[in-house]
Amino acid sequence: MPELPEVEVVRAGLTREVVGREIGAVSVRHPRSIRRFQGGPVQFESALIGRTLRGAHRRGKYLWLPLSDGQALLGHLGMSGQLLVAAPPSPEGPHLRVLIGFADQGPDLRFVDQRTFGGLWVEPAGAGPDQLPTSLAHIARDPLDPLFDEKLFISRLRRRRTEIKRALLDQTLISGVGNIYADEALWRVGMHGGRATARLPVAKASELVAAIRDVMIEALTQGGTSFDSLYVHVNGDSGYFSRSLNAYGRTDLPCSRCGTPMRREAFMNRSSFSCPVCQPRPRKPAAARTRGT
Ligand SMILES: [Zn+2]
């Protein structure tokens, strides 16, 4: 699944490749990919044709591109979505869902999504990076956002009655932290994800935020170096970051810090990876009163 650093790479690529260009033609190949749009393919196409893309912004893992008419093109990559910039007549491939061509006849923008959990839609929005479309208003800022407010995040975090890893995955509290980045950051600070948010010392919470940011910046740097100027791409199973993972997916492999075999635990229909020694389980599960996991 594309995580925040990959989406940021896509945003930067869109800024370089498509911002400032006028949309000339649109073709919706699969209606599921525009299911969040209030209308059908014909309305979607006419909402875009003739408009110029004015910018490329991001809130968490959502992308939005203001248009010249007070609307914006929004996108989410879901589990397997990619936004590719390709010069026609490159082959289209079986998973092309939306094709956006430009009036300048240059490279087109292709939304490719094998599993169709992602999508594109159009809704009203201002032109500036702070004039969020309504459907993104509930998404919190991410730790790479220059306006991310660490003090506010920590005070909101400590008011929650939940476990730390669950809180990290809550997009209304902090955005862009997926399963991989949560596990990596928790390993770095030696904290088990089952610890109670309410009992987390402020200094430890601050250390955790710094670790999340570091993990993201490292992934971003590595993603940036593998970025091909022709392709604004996100590859769901891209391996560029996997070489430097210390926790995620490392069941039974030695902890890079202490050598103890890493453990895997079930977590919200997924898995959590941690070191039994560096990240001891809390004695009392924080969520025990509400629901067992
Ligand atoms: Zn360890």
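This is a short guided tour of one protein chain and its zinc ion, one selection at a time.

**Start with the whole chain**

Before you click on anything, keep in mind that the model is predicted. Show the protein chain as a cartoon and look for six helices and ten strands. The chain has 293 residues, and 50% of them are buried. Now switch on the surface: the protein chain exposes about 13,600 Å², with carbon and sulfur atoms supplying 52% of that area.

How much of the contact network links residues 24 or more positions apart? Among contacts with a separation of 6 or more, the share is 65%. Keep that in mind, as several stops below bring together residues from separate places in the sequence.

**Stop 1: the zinc ion**

Select the zinc ion and show the residues around it. Which residues coordinate the zinc ion? They are Cys255, Cys258, Cys275 and Cys278, each through its SG atom, at 2.2 to 2.4 Å. Along the chain, these donors follow the spacing C-x2-C-x16-C-x2-C. Two of them, Cys255 and Cys275, link distant parts of the chain and are 20 residues apart. Cys255 sits in the loop between helix 6 (202-225) and strand 9 (263-267), while Cys275 belongs to the segment after strand 10 (270-274).

Try the angle tool next. The angles among the four donor atoms run from 100 to 115°, and the site is tetrahedral. For comparison, the ideal angle for four tetrahedral donors is 109.5 degrees.

Are Cys255 and Cys275 buried or exposed? Both are buried. Cys255 has a relative accessibility of 4%, so Cys255 falls under the 20% limit for a buried residue. For Cys275 the value is 0%.

With cysteines on screen, you might wonder about disulfides. A disulfide is a covalent bond between the sulfur atoms of two cysteines. How many disulfides does a search of the whole structure find? The count is zero.

**Stop 2: two loop residues by the zinc-site strands**

Stay with strand 9 and select Asn269, which is in the loop between strand 9 and strand 10. Asn269 is not a glycine, yet its phi is positive, at about 65°. With a relative accessible area of 86%, Asn269 is exposed.

Then pick Asp252, in the loop between helix 6 and strand 9. Asp252 also has a positive phi, about 70°, although it is not a glycine. Its relative accessible area is 60%, so Asp252 counts as exposed.

**Stop 3: helix 5**

Now select residues 179-189, which form helix 5. Why is helix 5 described as largely enclosed by the rest of the structure? Ten of its eleven residues are buried, so the surrounding structure largely encloses helix 5. The buried residues include Tyr181, Asp183, Glu184, Leu186 and Trp187. Just after the helix, click on Gly190, whose phi is positive, near 65°.

**Stop 4: Ile164 and Val215**

Select Ile164 in helix 4 (residues 164-168). Ile164 is buried, with a relative accessible area of 0%. Show its neighbours: leaving out residues up to four places away in sequence, Ile164 touches several residues, among them Leu157, Leu186, Met191, His192, Arg195 and Leu208. Notice that Leu186 is also one of the buried residues of helix 5. Draw a distance between the C-alpha atoms of Ile164 and Met191: these residues are 27 apart along the chain, and the separation is 9.1 Å.

Move to Val215 in helix 6. Val215 is buried, with a relative accessible area of 1%. Its C-alpha atom is 9.2 Å from that of Arg188, 27 residues away along the chain.

**Stop 5: His76**

Go to strand 4 (residues 71-76), where you will find His76. Which backbone atom does the side chain of His76 reach? That atom is the backbone nitrogen of Gly78, at 2.9 Å. Beyond its neighbours within four places in sequence, the contacts of His76 are Lys61, Tyr62, Phe111, Gly118, Gly119 and Trp121.

**Last stop: Gln105**

Finish in the loop between strand 6 (96-102) and strand 7 (108-113), where Gln105 lies. Is Gln105 buried or exposed? Its relative accessible area is 66%, so Gln105 is exposed. For a final distance, join the C-alpha atoms of Gln105 and Ala87: they are 8.9 Å apart, with their positions 18 residues apart along the chain counted as separation.

Notes:
Residues numbered from 1 in each chain as written. Predicted model: local features only at pLDDT ≥ 70, side-chain atom pairs only at ≥ 80, totals over all residues. Heavy atoms only, no water. Helix = DSSP H or I, 4+ residues; strand = E, 2+ residues; numbered from the N terminus. Buried < 20%, exposed > 50% of the residue type's maximum accessible area, 1.4 Å probe, protein only. Contact = heavy atoms within 4.5 Å. Areas by Shrake-Rupley, 256 points an atom, 1.4 Å probe, with all protein chains shown as cover. Polar contact = N/O pair within 3.5 Å; in protein donor to acceptor, adjacent residues only side chain to side chain. Disulfide = S-S within 2.5 Å. Donors = N, O, S within 2.8 Å, 3.2 Å for Na, K, Ca; no water. Tetrahedral: all angles 85-135°; square planar, octahedral: opposite > 155°, others 65-115°.
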